[in-house]
Structures are given as structure tokens and as C-alpha cells.
Amino acid sequence: MTYNEAVKYLEGSAVLGSKQGLSAFKGLLALMGSPEKKLKIIHVAGTNGKGSFCTYTESILRAAGYSTGLFTSPHLIRYNERIAFNGEPVSDDDLANEIEFVKTKTKEFFGSSDQWFSFFEIITAACLSYFSKKSPDFVILETGLGGRLDATNAVPTPLFTAITRIALDHTEFLGNTIEEIAAEKCGIIKENRPCVSALQCEEAERVIRAYAAEKNAPLLYEPKPEIKIIKNDLKGLTVDIKTPYYSYKGLVSGMGGSYQPQNIAAVLLGIEALRKQGYAIPDSAVYEGIKTAKIKGRTDIISKSPLIIADGAHNLNAAEEFYKTTAAVKAQGKKITLLTGVLADKNPEKLIKALSKNADRVILTVPPSKRAFNPEGLTLEGKDVYFEPDPKKACKLLKGFDDSVIFITGSLYLTGKIYALLKENENLFS
């Protein structure tokens, strides 16, 4: 199987494949030699902050001298981005080989080629198989959707589980209340295995505490971390963080944003969970790992002239944090131009209005997704609004607005498209 054939099979699974449930997926993994049982896994669920938690944790562990596997989603440009060994995306050949292996075992499982597993089940199986061959010291595994029924929840005994910030998102699948969504996320908590939680609202905290107690899972949670922000701007963050578990002064991160201090506080709880299990992780690795961690599309400066920042705020909770980031820019007396496109299942008009609160002008476009919302005709009171459905042409409009700080946000599909366009043409904005 070539790489292009593997991509075709993956994309076909998004149409022809179906969710078979954890029991069937575990059966597939058993046919593959149970790769999930050969790995030391950190399992992460949550609504917002999963990617940051996973990336910071992986970076710290690598700085401590350990080999790492990292599984995250979605990708921005290529599927390879979802699976990384020691910070490097899986090669085209390795990904193709693993997808072919999963395809073969899928046929064996069903007894025919007529039935497929879902896209996320296939790529999760490929990821676990790949890492079982690479044998990293740690694998950081991010859930796709929810937790309880997520394919990654086939993992039997993680080193610890982590629940990042919980908010209303994917309500059509996970429930209409914070409590219902939290319960789905808490489905990853395992018997007698530590659980780490980021700072939560009261409703989510109650659910997490209850599930951890039911599973006899030691809970590392600090509802009142002492966070002193020394600097937090578009170029990055410097912060002091102290809890009963740890104390760090002058942590420097290249990733800015109002939400990052809380993300880092949760990551440090995870590091303590590993230390309690006997893993040597020096403070120097914590400082180095936090400093060098980077995620595309998270307050990421993609152009300096004009100044353009990509930030994947794609739901209402993330929009609240995005508001704080843009408020800091406005406080410096700068104008803001927003290029945004969102998905139709994200309460789109409300989300666009939330993202646009501090913007002086807004360019509305359509993300490259079947779930995209078409914002044609949408008005935003007090703001100049432009509509250009083609993201590439929308980028060209930005040339006339170099009097402002420009943010691209709303959907990771849109952010990924912009990165792909930049890769094709580095002069996209000039």
C-alpha cells in the first residue's frame, strides 16, 4: 500500500466505515497482537486544552531523556501529524504500512472487505501498532471525542489519566449539560490508576471527584493554584505556579494565551503523578520542556509583516479565552482584524459574535469541511464585515489591513487550510 492509497482508505473510512463499539475494536486490537498492552500510556480527555496538555507533557519527558510517542488530533495539513515519535511525525512509508496492516486485520475480523471500522478507530489502531514497534518509554494518547466510548479507551491500564477543562461542546454526541459531558470524559478513569484534573467549574469537578472515588483512582487536583503571571503576550508566557504538590518560578512558554497558565498547572500535576510512580523527571526538564513546546494553531505567529496570529479557538469556551487575548491587544491601543470561519454544529452565529467582540473588522469565510457554516449575510453590530467564501481569496483581503493585528480563528479546518496555503506560497500575505 502506498501513502496515497493509505490516505484514500482512511478518507473512505470516514464515509463507509462505522463505529463498531469498544468491544469490537478490542477484538481488532487482539488480532493485531494487542499493541495497547505493550505500552506505558498517559491517557488524556477533555474539551479544551488537550493538545496543550499532551504537547507540554511530551516535551518535558523528552527533555528528561525519555523516548516518546504522541497521538493527537486533528491534523492541520497531513495525517502524519497525528502520530509522532520523539517529536517527529510518522513517515509516509510507516503510516502506509500500518494502515495496510489494520486493513488486513479488519478484513480478517469481519471475514470480508465489506465492513470497515471508523476513521478514528483505524488511525488509533495504526498508532498503537506503530508505537508498539518503536517501543517508546511513554506514549501520550489524546482522545478523539468524549472518552467512555472513544477508541483510545481500549487502553487497559494507563500510567495515569488526565481530564482537561470541560465545557459544552459536541452536545449532539456527549450530552447537553456539563455534568453529562464530564461523565463521558470521565469514562477513561481506570481502577486504581491516578487521575489528574485541570481546574474545573463546580459541576465538572463534582463529577470528576465522584468517578475517581468510584474507581478508587487517586485524584491529583488543585482547585486554587497560586498563579502569578509575570508576562503573557502574543510572544509567549512567563509565570510562577505553586500548589501543595509543586512550586516553580519563572516558567517560560513560547505559547501565549490566557488559558496556558492553567494548562501548565495541570501538566505539572501529571509530572508529579509520574514522579510518585518512581520516574525521574528533574526540574530542569520541566523548565526546558515547557519552554520548547509548540503547537501549530495555538496563538501561533504565522506572519510578522503584517502581524498575523493563528489561534484555533473553535467553541464558545475557547472564545471566552480568546476574548482575553484580544482584550490585551486592544488595551495596547491596537486595532484588530479577524478572519474567521466556523462549523455549523458549533452554535455558529453565537460563536462568531463571541470571537468578534474585540475586532474592528471581520472577514467571514467558509472552512473546507462538509460541516462548515456559510456566514453570508451575517451582520455584526458596530463592525465592518466582509464575506469571502474562499479562504485563499480571504487571505488576500488581509493585505489591506496591515494597520492592525490580524487573528485567524474559528475552526481548525480553516487554520489547517491557511497553513497548507502558506506551505504552497510563503508570500501568501505579502
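Serine 34 counts as buried because its relative accessibility is 17%; buried means under 20% relative accessible area, exposed means over 50%, and partly exposed lies in between, with a 1.4 Å probe and protein chains only. Serine 34 sits in the loop between helix H2 (22-31) and strand E1 (41-45). Helices (H or I, at least four residues) and strands (E, at least two) are DSSP runs, numbered from the N terminus. The backbone at serine 34 deserves a look, with phi near 50°, a positive value in a residue other than glycine.

Before going further, a word on what is on your screen. This is a predicted model, in which local features need pLDDT of at least 70 and side-chain atom pairs count only at pLDDT 80 or more, while totals for chains, interfaces and linings use all residues. Residues are numbered from 1 along each chain as its sequence is written, and side-chain values use heavy atoms, with hydrogens and water left out.

Asparagine 86 also has a positive phi, near 50°, and is a residue other than glycine. You will find asparagine 86 in the loop between E3 and strand E4 (88-89). With a relative accessible area of 28%, asparagine 86 is partly exposed.

Now step back to the loop between strand E2 (68-71) and strand E3 (83-85), where proline 74 lies. Serine 73 and proline 74 are joined by a cis peptide bond, with omega at about -5°. Tyrosine 79 lies in the loop between E2 and E3 too, and tyrosine 79 is buried, its relative accessible area being 12%. If you would like a sense of distance across the model, take the C-alpha atoms of tyrosine 79 and isoleucine 408: these residues are 329 apart along the chain, and the two atoms are separated by 22 Å.

Let us turn to charge pairs. How many salt bridges does the structure hold? There are 15 salt bridges, each being a side-chain nitrogen of Lys or Arg within 4 Å of a carboxyl oxygen of Asp or Glu. One of them links lysine 105 to glutamate 108, with the closest N and O atoms 3.2 Å apart. About one helical turn separates lysine 105 and glutamate 108, because they are three residues apart in helix H4 (residues 92-110). Is lysine 105 buried or exposed? Lysine 105 is buried, with a relative accessible area of 17%, whereas glutamate 108 is partly exposed at 45%.

Helix H11 (residues 316-331) offers another pair, glutamate 321 and lysine 324, which are three residues apart and so separated by about one helical turn. Their side chains meet in a salt bridge (3.5 Å, N to O). Here glutamate 321 counts as buried, at 14% relative accessibility, while lysine 324 is partly exposed, with a relative accessible area of 45%.

Salt bridges also join up into a network, made of Glu272, Arg275 and Asp283. Within this group, the side chains of aspartate 283 and arginine 275 meet at 3.0 Å, N to O. Aspartate 283 is partly exposed, with a relative accessible area of 40%, and arginine 275 counts as partly exposed at 23% relative accessibility.

Follow the chain onward to threonine 299, in the loop between helix H10 (283-292) and E12. Threonine 299 counts as buried because its relative accessibility is 1%. The side chain of threonine 299 makes a polar contact with the side chain of tyrosine 259, at 3.0 Å. A polar contact is a pair of N or O atoms within 3.5 Å; within protein, one must be able to donate a hydrogen and the other to accept it, and residues adjacent in sequence count only if both atoms are side-chain atoms.

Strand E12 (residues 300-304) includes lysine 304, which counts as exposed because its relative accessibility is 75%. Lysine 304 gathers with Lys231, Lys235 and Lys334 in a patch of positive charge on the surface. Such patches are made of residues with over 30% relative accessible area and no salt bridge, like charges being joined within 9 Å and nonpolar side chains (Val, Leu, Ile, Met, Phe, Trp, Tyr) within 5 Å. The place of a Lys charge is taken as NZ.

One more cis bond rounds off the walk: the peptide bond from serine 305 to proline 306 is cis, with omega near 0°. Proline 306 has its place in the loop between E12 and strand E13 (307-311).

Definitions and conventions
Accessible areas come from the Shrake-Rupley method with a 1.4 Å probe; for residues, only the protein chains shown count as cover. Lys and Arg count as positive and Asp and Glu as negative; His and the chain ends are not counted.
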